[in-house]
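Dear colleague,

Please find the structure below, handed over for your own examination. My findings follow directly after it.

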Amino acid sequence: MAGHTKYEIRLSDQDRWFVEKVFQDQKMAERLYTDYAEDDNSEYDGVQLVRVWTRADKMEVEKVVKEQRLTRRNIPVRLANIDEAAPCAHRDDYLGLNARITMSRLLRNLFDREGTIASELLYNHDKAKRFMAGDLVSPAIDRVSTLQARDSGLDSRKRRDDIFAEIQAIMDDVEKICKTKAYKSFESKELNKVVETANAIGKPMALPVVMCKVLVQYRSVEAKLQQVLAWLESDQGEELEYELDGLIAEIMSSATLIQDMLGPQRNLACALSTLLDWVEGKSVKGTGACAEAVEAFCRLFSQDRLMQTRDILFDFIIRQLAGKQPLSRNDTALEEKEFLRLFSRLTLPCGMTGGADMAEALSRRYGRSLKQGGESGERMSIKWLVEMLPDGARCLPYLIALRDAPLGNAHPDVVKQSISQLCNTARTIGDFCADDLSAKEKLVCLKDLHVLVEESTLDESEQKAVLSTLDRLVEKYLMDTKLIDKLDNPQAALHDRAIRMVQFCGSGVLWEHGHAMALARKRVVDHLKGKSFIEKFTEGENAPAQKEIMIRDFYRMMAEAGFKS
């Protein structure tokens, strides 16, 4: 597109310049340039701010706006802290996404410094060889083997030896692929050429090895992300979507990249809300790095695609909510308000978004705001959090999700008592949903809660008690509002009354097994049993054939609405 302009931050590393970040906004690019230029502990030899624009003839032209030489210092790279490591028993486990995410988290400082991803360490022999000769490999494998041994009950020394042996075996297989003629001669970046080359090599790991030969050429993870998204949009992208999704998920496991892509945010709560917009597939215009990638994510998530990437982003949200960073650092008075706003967004009548993990994260965060600690503090955090929530449509999904979380398992009596109290004190449908909702929205809310309870892990007796409460409230609401009488207005023609009632029964607003549904269906059955139903239903229609069609259509509508013959 003519006139399209972008701003690149380029860094110098060992006599070569590479693109570190790309921005559409000049001010954001200048801020990052200043950060690098004023860094007294730089890892690089120089920094440039480059303006790149596309002319009308589609040729790119660039101009160095600013440049500064830097004093390079060697900064030791340390392992990041991790508290879990994906189990690895077979080759597929070592190469799988969970293992790559573990590598990404453990080696995050190294990967961020070098613009590398875990797959490149696995599938690029030169990178793997340099890493194995470095100082990080032994402590990294020690950390992983210790965590895996702890979780599986195995001997940590044996796990360490097994991991070393499998890594060496993977390196040997990758080296064999890299020595093939097809690999050495491969120079394209097109996905169809990548696939052709991998097929020509004909070895199990050939495809990711060839892909990584392309990706390793890019120094920034943003550029790698854009390349994989370009592959996804190509002709062969759909048939390789699972593999490409895994690569994107791996790239997006970087907290630094996520923060760059989010761009300026007022506080952590706003950042998490924006991320929720992404994963829910809402139309979001990117304001940070890789704005086009953000828009692509939202579009693809709305189509239920890139589920591995979506899960990684959602895991990031849960980790942030479970963490200690304030939701509103600049205005502590807003902390509780921001917390409840996020809580309400995540807790729906059909269930808690993120399930048990999300319930645990939110409970832990709220618990840290209390003075009490230990077991009494945990119990109090559950009780007080339930009291803060506005209605049963928020409380019940939270408690059901928490029941399956470690915190809920530690205090099952608190969860059970809270659910029991919620049901025992409920008097009207307004105790479970807001008064400003329409009649349909209220009924759908209670129907979703019914289904949630049915599918929960609550004990059978608890399920029956909660379902009975919800059903009683719906039945009372129908009677208090005379909703059925309004639908079945005696002043209207029987044809219209019967059809409205059947449509109401089949609309999905009532729980299939409840008294409220039985009440509505009984009204339809009463019509059917009424004197001269067919004559009254077809009143005004003289043609016998048309009358038959009307009756047949009505019975088909009843069957679709769940009426038994």
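Helices α24 (439-454) and α25 (460-481) each contribute at least two residues to the lining of the second largest cavity. The greatest contribution is that of α24, with four residues. The volume of this second largest cavity is about 40 Å³, and its lining consists of Leu443, Leu446, Lys447, His450, Asp471, Val474, Val509, Leu510, Trp511, Gly514 and Ala516. By class, seven of these lining residues are nonpolar, two are polar and two are charged. Please bear in mind throughout that the model is predicted.

The count of cavities of 30 Å³ or more comes to two. The largest has a volume of about 410 Å³. It is lined by 22 residues, of which Met103, Leu122, Ile141, Ile163 and Ile167 are the closest to its centre. Five helices, α3 (97-106), α5 (118-123), α6 (125-132), α7 (137-152) and α8 (156-178), each supply at least two residues of the lining of the largest cavity. The largest share comes from α7, which gives five residues. The lining of the largest cavity holds 20 nonpolar residues and two polar ones, with no charged residue. In the lining of the second largest cavity, by contrast, two residues are charged.

Two of the helices around the largest cavity deserve a further word. Helix α3 is mostly covered, with eight of its ten residues buried. These are Leu97, Ala99, Arg100, Ile101, Thr102, Met103, Ser104 and Leu106. Met103 thus appears both among the buried residues of α3 and among the residues closest to the centre of the largest cavity. The partners against which the buried residues of α3 pack are α2 (91-95), α4 (108-114), α5, α7, α13 (241-251) and α17 (307-322).

Within helix α5 lies Tyr123. Tyr123 has a relative accessible area of 7%, and it is therefore buried. Leaving aside residues up to four places away in sequence, Tyr123 touches Leu95, Val174, Met205, Pro208, Val209 and Cys212. As an indication of distances across the model, Tyr123 and Leu528 are separated by 405 residues in sequence and by 71 Å in space, C-alpha to C-alpha.

With regard to the protein as a whole, there are 30 helices and six strands. The C-alpha trace spans about 95 × 65 × 50 Å along its principal axes. Of the 565 residues, 48% count as buried. The exposed area is about 29000 Å², of which carbon and sulfur atoms supply 49%. Where contacts join residues at least 6 apart in sequence, 63% of them link residues at least 24 apart.

The aromatic residues form ten ring pairs. Why is the pair of Tyr36 and Tyr44 edge-to-face? The ring centres of Tyr36 and Tyr44 are 6.2 Å apart and the planes stand at 75°, so the pair falls in that class, for which the angle must be over 60 degrees. Both tyrosines are under the 20% limit for a buried residue: Tyr36 has a relative accessibility of 16% and counts as buried, and Tyr44 is buried with a relative accessible area of 5%. Elsewhere, ring pairs join Phe339, Phe343, Tyr366 and Tyr398 into a cluster.

Finally, two backbone conformations may be of interest when you inspect the loops. Most residues other than glycine have a negative phi. Cys290, although not a glycine, has a positive phi of about 55°. Cys290 is located in the loop between α15 (268-279) and α16 (291-302), and its relative accessibility of 5% means that it counts as buried. Leu306 also has a positive phi of about 55° and is not a glycine. Leu306 is found in the loop between α16 and α17; with a relative accessibility of 1%, Leu306 counts as buried.

With kind regards

Key. Residues numbered from 1 in each chain as written. Predicted model: local features only at pLDDT ≥ 70, side-chain atom pairs only at ≥ 80, totals over all residues. Heavy atoms only, no water. 1 Å grid on protein atoms, 1.4 Å probe; cavity = no way out; pocket = protein on both sides within 12 Å on 5 of 7 lines; lining within 4 Å. Points joined across faces, edges and corners; volume = space filled by probe spheres on them. Nonpolar A, V, L, I, M, F, W, Y, C, P; charged D, E, K, R; others polar. Buried < 20%, exposed > 50% of the residue type's maximum accessible area, 1.4 Å probe, protein only. Contact = heavy atoms within 4.5 Å. Areas by Shrake-Rupley, 256 points an atom, 1.4 Å probe, with all protein chains shown as cover. Phe/Tyr/Trp six-rings, centres within 6.5 Å; stacked < 30°, edge-to-face > 60°.
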